[in-house]
Amino acid sequence: MKTKLHRKRMLCAICGGQLRKTVITHEEKRGGKLYLFRKVPAKVCGACGEIWIAGETLAEISRLIREGEPVRKIETPVYDFVPASAR
Ligand SMILES: [Zn+2]
(Lines give C-alpha, C1' and ligand atoms only; values in the text may rest on other atoms or scores of the structure.)
Protein backbone atom coordinates (compact mmCIF):
# COMPACT_ATOMS: atom_id res chain seq x y z
CA MET A 1 0.00 0.00 0.00
CA LYS A 2 2.74 2.42 0.97
CA THR A 3 4.74 1.46 -2.14
CA LYS A 4 1.68 1.99 -4.34
CA LEU A 5 1.12 5.49 -2.99
CA HIS A 6 4.78 6.32 -3.38
CA ARG A 7 4.78 5.11 -6.98
CA LYS A 8 1.65 7.08 -7.85
CA ARG A 9 3.14 10.22 -6.40
CA MET A 10 6.69 10.10 -7.64
CA LEU A 11 6.75 8.53 -11.12
CA CYS A 12 6.17 10.38 -14.39
CA ALA A 13 2.87 9.37 -16.04
CA ILE A 14 4.39 9.88 -19.49
CA CYS A 15 7.70 8.02 -19.30
CA GLY A 16 7.79 6.43 -15.83
CA GLY A 17 10.85 8.46 -14.85
CA GLN A 18 11.56 9.65 -11.32
CA LEU A 19 9.87 12.86 -10.26
CA ARG A 20 11.56 15.32 -7.98
CA LYS A 21 9.88 18.02 -5.94
CA THR A 22 10.85 21.55 -6.76
CA VAL A 23 9.47 25.07 -7.09
CA ILE A 24 9.09 26.67 -10.49
CA THR A 25 8.01 29.90 -12.14
CA HIS A 26 4.78 28.98 -13.88
CA GLU A 27 3.37 30.82 -16.92
CA GLU A 28 -0.39 30.79 -17.30
CA LYS A 29 -2.15 32.21 -20.37
CA ARG A 30 -5.72 33.37 -19.90
CA GLY A 31 -7.76 35.41 -22.35
CA GLY A 32 -4.71 36.63 -24.28
CA LYS A 33 -2.92 37.67 -21.10
CA LEU A 34 0.15 36.09 -19.59
CA TYR A 35 0.34 35.58 -15.84
CA LEU A 36 3.50 34.61 -13.99
CA PHE A 37 3.54 32.71 -10.72
CA ARG A 38 6.74 32.38 -8.74
CA LYS A 39 7.59 29.72 -6.19
CA VAL A 40 4.93 27.28 -7.43
CA PRO A 41 5.36 23.79 -5.96
CA ALA A 42 5.73 21.21 -8.74
CA LYS A 43 7.33 17.91 -9.62
CA VAL A 44 9.76 17.60 -12.52
CA CYS A 45 10.58 14.36 -14.33
CA GLY A 46 14.31 13.66 -14.29
CA ALA A 47 14.02 11.66 -17.55
CA CYS A 48 11.79 13.67 -19.91
CA GLY A 49 11.61 17.04 -18.13
CA GLU A 50 7.80 17.09 -17.95
CA ILE A 51 6.48 19.36 -15.20
CA TRP A 52 3.61 18.15 -13.02
CA ILE A 53 1.49 20.58 -11.02
CA ALA A 54 -1.11 19.29 -8.57
CA GLY A 55 -4.80 20.01 -9.23
CA GLU A 56 -5.14 21.92 -5.97
CA THR A 57 -2.15 24.09 -6.95
CA LEU A 58 -3.78 24.88 -10.33
CA ALA A 59 -7.01 25.75 -8.50
CA GLU A 60 -5.09 28.19 -6.31
CA ILE A 61 -3.51 29.73 -9.45
CA SER A 62 -7.01 30.28 -10.89
CA ARG A 63 -8.11 31.85 -7.61
CA LEU A 64 -5.10 34.20 -7.63
CA ILE A 65 -5.92 35.31 -11.20
CA ARG A 66 -9.48 36.12 -10.10
CA GLU A 67 -8.88 37.57 -6.64
CA GLY A 68 -5.17 37.83 -5.94
CA GLU A 69 -3.04 40.97 -5.83
CA PRO A 70 0.10 40.69 -8.00
CA VAL A 71 3.38 41.52 -6.23
CA ARG A 72 4.40 43.51 -9.31
CA LYS A 73 3.78 43.84 -13.04
CA ILE A 74 6.40 43.54 -15.77
CA GLU A 75 6.52 44.62 -19.39
CA THR A 76 6.87 41.77 -21.86
CA PRO A 77 8.64 42.45 -25.19
CA VAL A 78 6.68 41.02 -28.13
CA TYR A 79 8.25 40.17 -31.50
CA ASP A 80 7.00 38.93 -34.85
CA PHE A 81 9.46 36.31 -36.02
CA VAL A 82 10.71 36.94 -39.56
CA PRO A 83 12.19 33.94 -41.45
CA ALA A 84 15.79 34.41 -42.66
CA SER A 85 14.65 34.29 -46.30
CA ALA A 86 12.44 37.36 -45.76
CA ARG A 87 15.02 39.52 -43.95
ZN1 LIG B 1 8.92 11.68 -17.75
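Let me start with β2 and β3, which are joined by two bridges and run antiparallel to one another. Please keep in mind throughout that what we are looking at is a predicted model. Within this pairing, Lys-43 stands opposite Trp-52 in β3, and if you follow the chain through the hairpin of β2 and β3, you pass five residues between the strands, with Gly-49 taking a positive phi near 85 degrees.

On the other pairing, β1 is joined to β2, residues 33–45, by 11 bridges, and these two strands likewise run antiparallel. Two pairs of residues help to place this ladder by eye: Leu-19 stands opposite Cys-45 in β2, and His-26 stands opposite Phe-37 in β2. The hairpin of β1 and β2 has two residues between the strands, and there Gly-31 takes a positive phi near 50 degrees.

Putting the pairings together, we have an open sheet of three strands, in the order β1-β2-β3, with antiparallel pairing. Its edge strands are β1, residues 19–30, and β3, residues 51–52, each of which pairs on one side only.

Now for the chain as a whole, which contains two helices alongside the three strands, and whose elements, read from the N terminus, run α-β-β-β-α. Among the contacts with a separation of 6 or more, 47% are between residues 24 or more positions apart.

How does helix α2 lie relative to β1 and β2? Helix α2, residues 55–67, lies across both of these strands, and it runs at about 165 degrees to β2.

One residue of helix α2 that I would like to look at more carefully is Thr-57. Leaving aside residues up to four places away in sequence, Thr-57 touches Val-40 and Pro-41. In the case of Pro-41, the two residues are 16 apart in sequence, while their C-alpha atoms are 7.6 Å apart in space.

Is Thr-57 buried, exposed or partly exposed? Thr-57 counts as partly exposed because 14 other C-beta atoms lie within 10 Å, whereas a buried residue would need 20 or more and an exposed one would have 12 or fewer. That brings me to the last point, which concerns burial across the chain: of its 87 residues, 0% count as buried, and I would ask you to read that figure with the cut-off of 20 or more C-beta atoms in mind.

Technical notes
Residues numbered from 1 in each chain as written. Predicted model: local features only at pLDDT ≥ 70, side-chain atom pairs only at ≥ 80, totals over all residues. Pairing = 2+ DSSP bridges. Helix = DSSP H or I, 4+ residues; strand = E, 2+ residues; numbered from the N terminus. Contact = placed C-beta atoms within 7 Å. Axes fitted to C-alpha atoms, helices over the stretch in contact; angles between N-to-C directions.
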